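Here's a walk through one protein model, written for someone who would rather look at side chains than read statistics. Keep the viewer open and follow along.

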Amino acid sequence: MQPPKTLYLNDDHTAVVILDQTLLPQTIKYIELRNAKQVWSAIKDLQVRGAPAIGVTAALGLYIEMKTHTDENAFHQIIKTTKTYLSTARPTAVNLDWALNEMDKVYELNKEKPIPEIITALGKAAQAIYLDDTGICRRIGQHGVSLLKEGMGILTHCNAGALAATEYGTALAPIYIAKEQGINLRVYADETRPVLQGARLTAFELHHAGIDVTLICDNMAATVMAKGLIDAVFVGCDRVAANSDTANKIGTHGVALLAKHFNIPFYVCAPLSTIDMKTATGNDITIEERDASEVTNLWYNQPMTPAGVKVFNPSFDVTPGQYITGFITENGILCPPFNFQ
């Protein structure tokens, strides 16, 4: 059984429909986003999350927003302002800017045409980004499954599965393809504090799909590795710098260090669009810091720490390229020395 669909464009192209991931795993509920403000809020509030899904949602959101504007004199300024606005929803995931820039390229090619033709071109471009993501994720899975054998134990961190993309996901794509091919795996999912994407989302979708999944607390990764239960680590990512340093959900760096210590291969699964040649090293990646309440209040009946205690809550960390065994992309597996030129 496949996980619930993450997002889609409704039939009359007036709304982006998303699965509200803040309610999972208890409640499966879809909500309609009918303008750029709602799209921005859904991305910021993690109702839709995962680098590929964020980019697709933003592209579709820009399209449905611009459908409501018909003033030829104001159209140019509105689309540029809306693009900039949507790009501020979350700063770390490069797919957000990438998708919006692709939409902007299509606008620039068609801006001298009548507005209805521009809207049509934007709609086709947004839907192409959606379909392209689905194909990319499947190809990542097809390349990644070549690394998997019957009975292997795979550790993953955060959620880079079907709920983080249009289908299959990135880090979980090889696992879904393995399932299709009859290869049985054991997946260990880090809970991924503080928002618990591993516990709420990865465990939910893998269990829903009939895949053997075991949830572990973040501080148990060393123990399961030491016991010989892990044969490989598969994670996704939100941005890869030109030198191969990689930003992913907070805690990934620690998992990579443990994998290095235990001589376990550590793979990053990502579309090539996630490689940002404009960012030289991991030090240049903007790391989103989120509200302290995610740490102190979100999963508790009452605050779990005294009032006034300072909280540091970065949403991502950066894993140096030296700890990455390979990047599994839609075009194949890239091995060191990494050359993204």
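Is Asn159 buried or exposed? Asn159 counts as buried, because its relative accessibility is 4%. Bear in mind that this is a predicted model, here and in everything that follows.

**Around Asn159**

To find Asn159, look in the loop between strand 4 (153-156) and helix 6. The Asn159 side chain has polar company: a 3.0 Å polar contact joins it to the side chain of Thr202, and a polar contact of 3.1 Å links it to the side chain of Glu205. Setting aside sequence neighbours within four places, the contacts of Asn159 are Arg49, Ala164, Leu172, Gln197, Leu201, Thr202 and Glu205.

**Helix 6 and what covers it**

Follow the chain on to helix 6. This helix is mostly covered, with six of its eight residues buried. Those buried residues are Ala173, Pro174, Ile175, Tyr176, Ile177 and Ala178. What do the buried residues of helix 6 pack against? Their partners are helix 5, strand 4, strand 5 (186-190), helix 7 (197-208) and strand 7 (232-235). Just past the end of helix 6, Gly182 has a positive phi of about 80 degrees.

**Two helix pairs**

Helix 5 (residues 115-144) meets helix 6 (residues 173-180) with the axes coming within 7 Å and crossing at roughly 70 degrees. That angle is why helix 5 is called roughly perpendicular to helix 6. On the helix 5 side, the residues involved are Cys137, Arg138, Ile140, Gly141, Gln142 and Gly144, and they meet Ala173, Pro174, Ile177 and Glu180 of helix 6. Sorted by class, this contact has five nonpolar, three polar and two charged residues.

Now swing over to helix 3 (residues 72-87) and helix 4 (residues 94-110), which pack at an angle of about 170 degrees with their axes 9 Å apart. So helix 3 is roughly antiparallel to helix 4. From helix 3, Phe75, His76, Ile79, Lys80, Lys83, Leu86 and Ser87 meet Leu96, Asp97, Leu100, Asn101, Asp104, Tyr107 and Glu108 of helix 4. The contact of helix 3 with helix 4 has six nonpolar, three polar and five charged residues. As for the spacing of names in such lists, an α-helix has 3.6 residues a turn, so residues three or four places apart point the same way.

**Two more buried residues**

Glu294 sits in helix 10 (residues 293-296) and counts as buried, since its relative accessibility is 9%. What does its side chain pair with? The side chain of Glu294 makes a 2.6 Å polar contact with the side chain of Arg290. Beyond neighbours within four places in sequence, Glu294 is in contact with Leu46, Pro194, Val195 and Asn313.

Ile64, in helix 2 (residues 51-66), is buried as well, with a relative accessible area of 2%. Its C-alpha is 9.0 Å from that of Leu33, although the two are 31 residues apart in sequence. Leaving out neighbours within four places, Ile64 is in contact with Leu9, His13, Thr14, Ala15, Val16, Leu33, Arg34 and Asn35.

**Backbone oddities**

Most residues other than glycine have a negative phi, and most peptide bonds are trans. Here are four places to check against that background.

| Site | Backbone feature | Location |
|---|---|---|
| Leu24 to Pro25 | cis, omega near 5 degrees | Pro25: loop between strand 2 (16-19) and strand 3 (30-33) |
| Pro336 to Pro337 | cis, omega about -5 degrees | Pro337: segment after strand 14 (332-334) |
| Leu46 | positive phi, about 70 degrees | loop between helix 1 (36-44) and helix 2 |
| Asn263 | positive phi, about 60 degrees | loop between helix 9 (252-261) and strand 10 (266-269) |

Leu46 is buried, with a relative accessible area of 9%, whereas Asn263 is exposed at 71%. Leu46 has come up before, as one of the contacts of Glu294.

**Cysteines**

How many disulfides does the structure hold? The count is zero. Why is Cys217 not bonded to Cys158? Cys158 has the closest cysteine sulfur to that of Cys217, but at 16 Å it is too far for a bond. Cys217 counts as partly exposed, at 29% relative accessibility. Likewise, the sulfur of Cys335 is 12 Å from its closest cysteine sulfur, in Cys269, so that pair is too far apart for a bond. Cys335 is partly exposed, with a relative accessible area of 47%.

How values were computed
Residues are numbered from 1 along each chain as its sequence is written. Side-chain values use heavy atoms; hydrogens and water are left out. Axes are lines fitted to C-alpha atoms, for helices over the stretch in contact, and angles run from 0 to 180 degrees between N-to-C directions. Helices (H or I, at least four residues) and strands (E, at least two) are DSSP runs, numbered from the N terminus. Angles under 35 degrees count as roughly parallel, over 145 as roughly antiparallel, 65 to 115 as roughly perpendicular and the rest as oblique. Contact means heavy atoms within 4.5 Å. Ala, Val, Leu, Ile, Met, Phe, Trp, Tyr, Cys and Pro count as nonpolar, Asp, Glu, Lys and Arg as charged, and the others, Gly among them, as polar. Buried means under 20% relative accessible area, exposed over 50%, partly exposed in between (1.4 Å probe, protein chains only). A polar contact is a pair of N or O atoms within 3.5 Å; within protein, one must be able to donate a hydrogen and the other to accept it, and residues adjacent in sequence count only if both atoms are side-chain atoms. A disulfide is a pair of cysteine sulfur atoms within 2.5 Å.
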